[in-house]
Amino acid sequence: MATAGMYDSLSDVDYLVMRARQYSKTDQYAAKAWLITAKSLFPTSFVIQFESYQVEKAGRNVNEAAKQLEEMFRNFPNERQLWEEVQNVLEALQTDSSDQRQTFLTEIFAAIPTHIQCQMLLSVADKISSTLEQCRLLLLAMKNFPNLVQEHGLKLVDLLIMEETKVPGLPAVNCYRKLLVCDVMPLLLNRGLKQKLPADVLYSWLRRAIEFYISYVTQPSIGDPSSSVGADLLSPTKASIKRLPPVAGLLERENQVIDPWGSLFNLLLLLGHCLDWEFEPDIFNKSREVQWQYIVSQFNRAKQTHSDGGYKQVLHMAVVLFIQSFYFYVSHVEANIAAGNSSGGATTPVVLIEGFPPDMEEHVPHPRVKKQKTDGSNQPPIYPSSSISNAQTLVSNFTMALKCFELLNTREELRRDFLSLYGKWNKETWAWISNLQIDMALYQGNFQDAIAQIQNFLDTASGKMKVRYALQRACCHYCLRNYSKACELVLDLIQTIPENDSLDCEDVEKPNPTGSGRHLLMLQCTEKEILPYCIQLLVASLKERMYSTHCSDAVLAHLIILLQNDWPQQESLFLNVIKHIQRQGSFTYNMFFSYVFVVDILEEFAFLDTAEGGRINLDILPTSTKTLAQQRTVTRGVNKGVKEDFRAALEKQVGRLQEPCQRIIRKFLREERTAFLQNM
């Protein structure tokens, strides 16, 4: 039991508080009675008032605790203990937590009259030393009390920009920029600022927003390697499945940017309204073709009216749509980036490559490829593989990115400002644009430029991305008529593709181009789609040799062997080869029976040996026909035994029909590589 001497050193206030505390855990009513007495005796004591608040809080009396907190805020505005408690309450408001203590504090704040809530928020924001915390509280105040937007909105914008500029070299994705772009700007613009801001200020806001969102979506992800790029990734209204790293300095709740593209479009519309731009309703949810036609019409109008504001609208719309389009396209090109930083990526990247015109009876040489016009005319069609999900959306994103990029770079009115924006984006974005530029150069027929850009990636690429670059490089050399180099690269590439005996020649479903003009293919980087294209490129190169003055029997033989891979689709080209052999009257290739296995082809060569076929002099047995003839007895006839050997070889070859064609063709390309390249 306490002795009387223990109380002698206590002041009257401390004595009353101590007595109340003695009953606080056992008898709340007694504790309150002591505090009521204390208040009547010492109405200006903060210690007694704060103890009354603590008792009500311990008893979970929301309304009474709120009343006590309000009274202290009115009567004791400079007490440190009070501000610590108010800060705890405000922190609870900003934290998504199921913690009972945090929840109770938010209930206390909700029970305080709204005008006192507002004063609390502003007072704490004014007193707090951390600028970031101050910004948070001002933002919270404006969200809860819209009338504060007009008074404090621009102040908060300036505060965030000033804090960001204090740190040299701070990346665009930082805590100040995130709060400014994702939280403050939309709040100010949606609530409607009464004062008219200068255009240069609004453009500065817009560029900060564009830089933030572009840097945000293109930063390296921390995603689960097992995740994949689904259909939603190609939808402009969906958020990326990438898990992006948190922004330093922000709370977990503040780090959530649910729909980066939708948020950027919304800001563009809000700022455009302030700048008196004309917008087609719901333009950012329309198709890519509609969006492009709208940009073109706005650009033409700006040219006619010489409107600087019109050019600015075209610039910013084209930049945003260009970045969004190329982001979705490159996410499929570099699937390992889109799905997380795993070594192989869960989704197979796609590759854009030159297509080959359908075979015709007469040889049609390469047209000289010219750069595509920026008005969209004379653009080659792209035929995607049926295995690519959302293929047409992928193609439309690529063509949209291409058109916007050309518009921004070929018009002097836009080029300067675009380069200024481009220079501020972070380094990850540059790499992505470089990848897109490879495909753009190939699409436009600028094959030498494409090769130069591919060289920058070959040394560091790995896995299927290395396959992608190697295939595009070979394709470009073919289009430049450097057939020997193209074939060498393709033969090297085929050696890196795993053999798959289950994949037979006719199993592969390829795009089906129509017409005879130039076109491109979009394939997945799998052996099922890449190997047939590689063989088709070799066939196309051999075909060019066949129609040249450098055609040899080896060229014709190699062409025949490879045509088996796509039989009978390539039958018309094979018949042209037969006509060529008939015109020259002879054909020599002693490896013929090692690699030719298609019955139709074997029957055609048997026919060439007959009178109706022209009695062509065929030297296609493993041992030269001349050598065999010299081994025969002259009295039996020089050629009689040779004919019998030829027929026996044909009959024996029919027995090889069950051997997988891919295995035979890959064996040919591996063992006859030197001879193949010598004849190119």
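## A walk through the model, from a loop glycine to the core

Gly 517 is partly exposed, since its relative accessible area is 47%; the cut-offs for that label are 20% and 50%. Bear in mind as we go that this is a predicted model. Gly 517 belongs to the loop that runs between α22 (483-496) and β3 (520-524). Its C-alpha atom is 9.8 Å from that of Gly 355, although 162 residues separate the two along the chain.

Staying with loops for a moment, look at two residues with unusual labels on a backbone plot. His 306 has a phi near 55 degrees, a positive value in a residue that isn't glycine. You'll find His 306 in the loop between α14 and α15, and because its relative accessibility is 68%, it counts as exposed. Asn 390 also isn't a glycine, and its phi is positive at about 55 degrees. Asn 390 sits in the loop between β2 (382-384) and α17 (391-410), and at 32% relative accessibility it counts as partly exposed. A further loop, between α24 (553-563) and α25 (571-584), holds Pro 568. Trp 567 and Pro 568 are joined by a cis peptide bond, with omega about 5 degrees.

Now for a helix. The 12 residues of α7 (residues 100-111) should span 16 Å at 1.5 Å a residue, and the end C-alpha atoms are 17 Å apart, so expectation and model agree. Phe 104, Leu 105, Ile 108 and Phe 109 are the buried residues of α7. Looking down the axis of α7, you see these buried residues within an arc of 145 degrees, which means they line one face of the helix. Turned away from that buried side is a face carrying the exposed residues Gln 100 and Ala 110. What lies over the buried residues of α7? The cover includes α4 (46-58), α5 (62-75), α6 (80-93) and α8 (114-127). Phe 104 has another partner too: the charged end of Arg 60 sits over its ring, 4.4 Å from the centre. A similar arrangement turns up where the charged end of Lys 312 sits over the ring of Tyr 203, 5.7 Å from its centre.

On to rings meeting rings. The model has 27 aromatic pairs. Trp 261 and Tyr 327 form a tilted pair, because their ring centres are 5.6 Å apart and their planes make an angle of 50 degrees. Trp 261 is part of helix α13 (residues 260-274) and Tyr 327 part of helix α15 (residues 308-333), so this pair ties together parts 66 residues apart in sequence. Trp 261 and Tyr 327 are both buried. Phe 265 and Phe 284, by contrast, are stacked, at 4.3 Å centre to centre and 5 degrees between the planes. Phe 265 is in helix α13 and Phe 284 in the loop between α13 and α14 (288-305), 19 residues apart. Both Phe 265 and Phe 284 are buried. One aromatic cluster is made up of Phe 322, Phe 326, Phe 405 and Phe 418.

That brings us to the interior. In soluble globular proteins, nonpolar side chains tend to be buried together. Here the largest nonpolar core has 215 residues, and those touching the most other members are Leu 69, Trp 205, Phe 322, Leu 562, Phe 587 and Phe 605. Helix α15 gives the most to this core, contributing 16 residues. Beyond its neighbours within four places in sequence, Phe 587 has contacts that include Leu 556, Ile 581, Phe 592, Phe 605 and Ile 616, along with Asp 553 and Asn 617.

Conventions
Residues are numbered from 1 along each chain as its sequence is written. This is a predicted model: local features need pLDDT of at least 70, side-chain atom pairs count only at pLDDT 80 or more; totals for chains, interfaces and linings use all residues. Side-chain values use heavy atoms; hydrogens and water are left out. Helices (H or I, at least four residues) and strands (E, at least two) are DSSP runs, numbered from the N terminus. The expected span of a helix is 1.5 Å times one less than its number of residues. Buried means under 20% relative accessible area, exposed over 50%, partly exposed in between (1.4 Å probe, protein chains only). The arc is that of the directions from the helix axis to the C-beta atoms. Contact means heavy atoms within 4.5 Å. Rings of Phe, Tyr and Trp (its six-membered ring) pair if their centres lie within 6.5 Å; planes under 30 degrees apart count as stacked, over 60 as edge-to-face and the rest as tilted. A charge sits over a ring if NZ of Lys or CZ of Arg is within 6 Å of the ring centre and within 35 degrees of the ring normal. A nonpolar core is a set of buried Ala, Val, Leu, Ile, Met, Phe, Trp, Tyr and Cys residues joined through side-chain atoms within 4.5 Å.
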